[in-house]
Amino acid sequence: MLIEKLLAPRELIEAIATVLFDYLQVPIVYFALEESLPLYVTGGFTGLCVDLGFQRTSVLPVSST
Amino acid sequence: MLAASFSESASGHSVLQALAQDLGGTLALPALEDLVARLALIPYGELAVECADPAQLEVLQRKKYRCRPLGSSTDVQLSFLHRISPAKVLFGDVEADEDNIAATVLNSILRCEMVLRRVLISTLVVSGGLCMLPGLLERLTEEMARLLDLEQYASLRPLKAHINVVETEFSRNLLVWTGGSVFGALPALDRFALTKEDFAHGGVPDRIGENYLFASRSSVQEIHSSKDRSLDRLKDSLLAS
């Protein structure tokens, strides 16, 4: 599993996937979203994830519907 | 996931930049980080009221703090204003169009559907390294309650009593990691992960919408077809009865 930011450039993700699949022979990859991960700790389905990081601060509402 | 309401605001880097400017720009980044980690604080409650009053700030200013930052051979003298400088950056003046975390959160909620707003404001999951600054969470909820009195957030005002930050057992600066390990332990992950064939077929799926959650395209189609099938079955059973 790899962790990516929501607005990470598409070229970057494609490049990472290419390297993993074609050169490192990885069978499966999951690109998880950095902003929504804290919500899994709370065990809920709906919440407002506020991430106060060093490089950026992001706010992402997550809802199960 | 509601990516349309995603927004960004001032971060730890801007905190360090502001402090570097205050100190005359002579310190390296690791030294500044060390200073912030050791001395920075975010005023809230009574202290915030005192800091807003110039006369009382003068009294607080008299005390100087001397400390030697990481990797530096000389001491640095800091004043109280330096200690509370992160608060100025993170909770800027909304009317002057400065970055303000609380305003960012409220703007994000404003862009959500009415039904969701109450649930969202009562389940704030705050993570990240900046949470380690003492007083940040208290100030965040306080500032949100204060901003709700402004004209632009009038529609959110009834939610004032519901502002709540979710408490977890884990340290806030590691929430992304713990969340990642919880998520990685889910048994369903294999089904939704991107396989080599999927990638060769259509590259990485879009980040927005259903494709993001069910990362591989074949699993999305599978889910859709199973949904259709269950709908058909429902229709059949309804018609039969």
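Two residues are taken to be in contact here if their C-beta atoms, placed from the backbone, lie within 7 Å. With that in hand, the helix packing in chain B of this predicted model can be read off residue by residue. On one side sits helix α7 (residues 101-110) and on the other helix α9 (residues 136-147), both of chain B. From α7(B), the residues involved are B:Ile101, B:Ala102, B:Ala103, B:Val105 and B:Leu106, and they meet B:Leu140, B:Glu143, B:Met144 and B:Leu147 of α9(B). Sorted by class, this contact comes out as eight nonpolar residues, one charged and no polar.

As for geometry, two packed helices are described by the angle between their axes and the distance between the axes. For α7(B) and α9(B), the angle is about 60 degrees and the axes are 8 Å apart. The two helices therefore count as oblique to each other, and their crossing is right-handed.

Stepping back to chain B as a whole, its secondary structure amounts to 14 helices and five strands. Chain B has 241 residues, and 28% of them count as buried. If one takes the contacts in chain B between residues at least 6 apart in sequence, 61% of them link residues at least 24 apart.

Next comes the sheet, which draws strands from both chains. This open sheet has four strands in the order β1(B)-β5(A)-β4(A)-β4(B), and its pairing is mixed. The edges are taken by β1 (7-9) and β4 of chain B; each has a single partner strand, so one side of each is left without a neighbour in the sheet. Direction ignored, neighbouring strands are turned by 20 degrees against each other on average. Helix α7(B) shows up again here: it packs on the sheet, where it touches β4 and β5 (57-62) of chain A as well as β1 of chain B. The direction of α7(B) makes about 25 degrees with that of β5(A).

Where the chains pair within this sheet, strand β4 (residues 47-52) of chain A runs parallel to strand β4 (residues 124-127) of chain B, and four bridges join the two. Within that pairing, A:Val50 has B:Val126 as its bridge partner in β4(B), while A:Leu48 stands opposite B:Leu124.

The contact between the chains takes 40 residues from chain A and 53 residues from chain B. On the chain B side, helix α10 (residues 175-184) gives the most, with eight residues. The side of chain B that touches chain A has 30 nonpolar residues, 19 polar and four charged.

Notes: Residues are numbered from 1 along each chain as its sequence is written. Chains are lettered from A and ligands numbered from 1 in the order in which they are written. This is a predicted model: local features need pLDDT of at least 70, side-chain atom pairs count only at pLDDT 80 or more; totals for chains, interfaces and linings use all residues. Ala, Val, Leu, Ile, Met, Phe, Trp, Tyr, Cys and Pro count as nonpolar, Asp, Glu, Lys and Arg as charged, and the others, Gly among them, as polar. Two strands pair if DSSP finds at least two bridges between them. Axes are lines fitted to C-alpha atoms, for helices over the stretch in contact, and angles run from 0 to 180 degrees between N-to-C directions. Angles under 35 degrees count as roughly parallel, over 145 as roughly antiparallel, 65 to 115 as roughly perpendicular and the rest as oblique. A crossing is left-handed if the near helix is turned anticlockwise from the far one by less than a right angle, and right-handed if clockwise. A residue is buried if 20 or more other C-beta atoms lie within 10 Å of its own, exposed if 12 or fewer, and partly exposed in between; C-beta atoms are placed from the backbone.
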